[in-house]
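Trainee: Could you teach me how to read a new structure, one feature at a time?
Mentor: Gladly; let us look at it together.

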Amino acid sequence: PLSLCTSASASARHGRRRHTSARHGRRPSSSKALAVGDVSLAVGDVSVAASSSLVSLSATQALLGKVAFGSLLGTTGVYWGKAAFSNRKENTDDSSGSSTSSSKETTTSRPLEQYGVLAANASLFLLLTARWLESGHFPLSNIYESLMFLAWGVLATQMFVERKAAGESGRLLLGALATPTALLAVGGATLALPPELQKSAALVPALKSNWLMMHVTVMMMSYAALMVGSLLAAGFVGLDVYLELTKGADSSSSTAGAIAENESMDGGEAGSAAVATVVSNAAALLPGRGDARLVELDSLSYRSLGLGFALLTVGIISGAVWANEAWGSYWSWDPKETWALICWLVYASYLHTRLVAGWRPRDAAAVGAFGFVVVWICYVGVNLFGVGLHSYGFLNGS
């Protein structure tokens, strides 16, 4: 009996241990289930927050695009109105003191249209920044982003050149030509492109490189500077023809001297005599009227095109290096590469005819103005027709 009682008590204790261990064994499994549930809830909250932030960024981009378009539309109207109805006339008969006072007035009091350009430029900058945050890569991966970047570059170049303009008429003519170009780019990106091309997407393997920011940024800024310079050259040609028809060729020597003096002052003391001689020889062929507006347009267009040409050269070289890394060849005569070379040759011809060949300034400016069409073909025409490695395949339906 003693042994039976002992074994019974041992069995009872062993049963209680198993019950206790089983009860304690269930607690960790329920705690793990609760922890997994908490993690899934946290992941769900993070995904909801991320999706809501992306929605807010997309809404912000849409709003900034509308602000930029509205600012450019209103600013274009102001520029056109002032350029058409302004009573200010600048010619070489004006004294240097009046030019100085006009320059001081321009720099001290900012006109209304310049605030519009500044608002549009800031809106585009914020839009591109939001696009960068949304996509996680530099916003130059599709036609929508590149058009917005081009508009920003044109406005930035316009604001820089306007600060260098000494006369009011040159500033107004620049704004009347450059602002509609930026408006065309923004309107085309927001109104003409289909929604699938406006959405941000992941980069293709060939674009996942540091060269994306280097090469594409330089090329887009070169396009912007070349467009502004070509528009100024076109304005020079138009104003020169108008003055020739209305006043006749009666005082070319005064315009030649003004251009030569302007070039020598900008070039500094070293080499100023040589620069003045070259420009004077070219300007002597001008059927000019001794008009200061022609001198200013010639100077601004030449400097803008010179800057754009330098950037285009750097962009083509960097693109060749990137092409060798991505495709194993520096140059493959892709349609984009071919038209970039044509664009480079056009502006090289402009610089040659203006500085070396001794062409009339109007003829040299006509070459620079023609480059505006070539730049648009190189940038948009080749890309949208879906030909080659640099295509977006919009117009051919691919």
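Trainee: How much area does the protein expose, and what share do carbon and sulfur atoms supply?
Mentor: Accessible areas come from the Shrake-Rupley method with a 1.4 Å probe, and for residues only the protein chains shown count as cover. Here the protein exposes about 20,000 Å², with 67% of it supplied by carbon and sulfur atoms. This is a predicted model, where local features need pLDDT of at least 70, side-chain atom pairs count only at pLDDT 80 or more, and totals for chains, interfaces and linings use all residues. Residues are numbered from 1 along each chain as its sequence is written, and side-chain values use heavy atoms, leaving out hydrogens and water.

Trainee: How many helices and strands are there?
Mentor: Both are DSSP runs numbered from the N terminus: helices are H or I with at least four residues, strands E with at least two. This protein has twelve helices and zero strands.

Trainee: Is Ser58 buried, partly exposed or exposed?
Mentor: Buried means under 20% relative accessible area, exposed over 50%, and partly exposed in between (1.4 Å probe, protein chains only). Ser58, in helix α1 (residues 2-85), has a relative accessible area of 34%, so Ser58 is partly exposed. Its C-alpha atom is separated by 9.4 Å from that of Leu127, 69 residues apart along the chain.

Trainee: What share of the residues is buried?
Mentor: Buried residues account for 42% of the 398 residues.

Trainee: And where does Ile377 lie?
Mentor: Ile377 belongs to helix α12 (residues 361-384). With a relative accessible area of 32%, Ile377 is partly exposed.
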